[in-house]
Amino acid sequence: MFSAEPLAAIGLGGAAAAGGFMLENGDGNRGFMGEGCLKSCSEVCDRVFGLPLLGASSVTWAGGAIFNSNDTKETGQMLTEGLILTYGITGAIKLASCRIRPDGSNTGSFPSGHSSGTACTAVILWDCYGPGAGIPAATIAAFTALSRVTLGKHYPSDVIAGVAIGISVGLAVVGAHDEGTVSDHHIQPAFGISWSNYGGFGIYF
């Protein structure tokens with residue numbers, strides 16, 4: 001999280017969120033997409049791209065392990081790690097900020113969890129599979145962010161901050177894996193026992 005790219009994403013996103021906060025109006029631009037197909041798609045995003053993303057990533061990780069697909073397992077593990085971090089950070093900030101949503105439903109407005117989760121997912125999928133998967137995932141992430149505004153669930157600054165968090169965490173997870181430090185960051189047993197070729201047991205932590 002403290003390497004150059006994640007920090008740059010946080011810095012730029014924070015500045016953009018601050019600008020959005022100063023410019024946005026009181027109702028949060030609810031309904032700017034109208035009442036047609038785009039609203040229906042926004043409602044689908046509302047149901048699919050929140051915490052269910054974390055469940056899907058865990059299933060992907062488990063499926064890769066069960067069917068011995070290293071690529072699928074690695075992708076699922078990266079997504080699971082990234083989304084746990086993303087939703088953890090987003091949730092902590094929500095509790096600290098207590099910003100009321102535009103629709104008045106609760107105080108979980110800032111930042112947007114849907115936006116952070118889909119942004120993190122897009123970064124990781126782009127790294128794993130290139131633009132063929134990354135561009136569609138980024139498009140979905142961008143639409144999800146806009147959908148949160150049109151549904152009255154978030155203000156523009158909420159989704160900007162959420163996207164910044166998701167991108168920064170995604171970049172951090174990708175960087176950890178690309179640098180060959182997977183064992184330091186993955187979820188794994190706290191200790192283990194191995195048999196030495198020279199005889200005897202060894203314990204590692």
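The following exercises, each with a worked solution, concern a predicted model.

**Exercise 1.** Determine where Pro-102 lies and whether Pro-102 counts as buried or exposed.

*Solution.* Begin with the position along the chain: Pro-102 belongs to the loop that runs between helix H4 (70–97) and helix H5 (113–129). Next, take the relative accessibility of Pro-102, which is 11%; since buried means under 20% relative accessible area, Pro-102 counts as buried. Finally, look at the surroundings, leaving aside neighbours within four places in sequence: Pro-102 is in contact with several residues, among them Asp-27, Gly-28, Ser-109 and Tyr-155. For Gly-28, which is 74 residues apart from Pro-102 along the chain, the two C-alpha atoms are separated by 5.7 Å.

**Exercise 2.** Find which class of accessibility applies to Asn-29 and to Cys-98, and describe the phi of each residue.

*Solution.* Start with Asn-29, in the loop between helix H1 (4–23) and helix H2 (37–48), where phi is near 65°, a positive value in a residue other than glycine. Asn-29 has a relative accessible area of 29% and is therefore partly exposed. Turn then to Cys-98, in the loop between H4 and H5, whose phi, near 50°, is also positive in a residue other than glycine. With a relative accessibility of 42%, Cys-98 counts as partly exposed.

**Exercise 3.** Explain why helix H7 is described as largely enclosed by the rest of the structure.

*Solution.* First identify the helix: H7 covers residues 156–178, has 23 residues and reaches 33 Å from its first C-alpha to its last. Then consider burial: 17 of the 23 residues of H7 are buried, and therefore the helix is largely enclosed by the rest of the structure.

Terms used. Residues are numbered from 1 along each chain as its sequence is written. This is a predicted model: local features need pLDDT of at least 70, side-chain atom pairs count only at pLDDT 80 or more; totals for chains, interfaces and linings use all residues. Side-chain values use heavy atoms; hydrogens and water are left out. Helices (H or I, at least four residues) and strands (E, at least two) are DSSP runs, numbered from the N terminus. Buried means under 20% relative accessible area, exposed over 50%, partly exposed in between (1.4 Å probe, protein chains only). Contact means heavy atoms within 4.5 Å. The expected span of a helix is 1.5 Å times one less than its number of residues.
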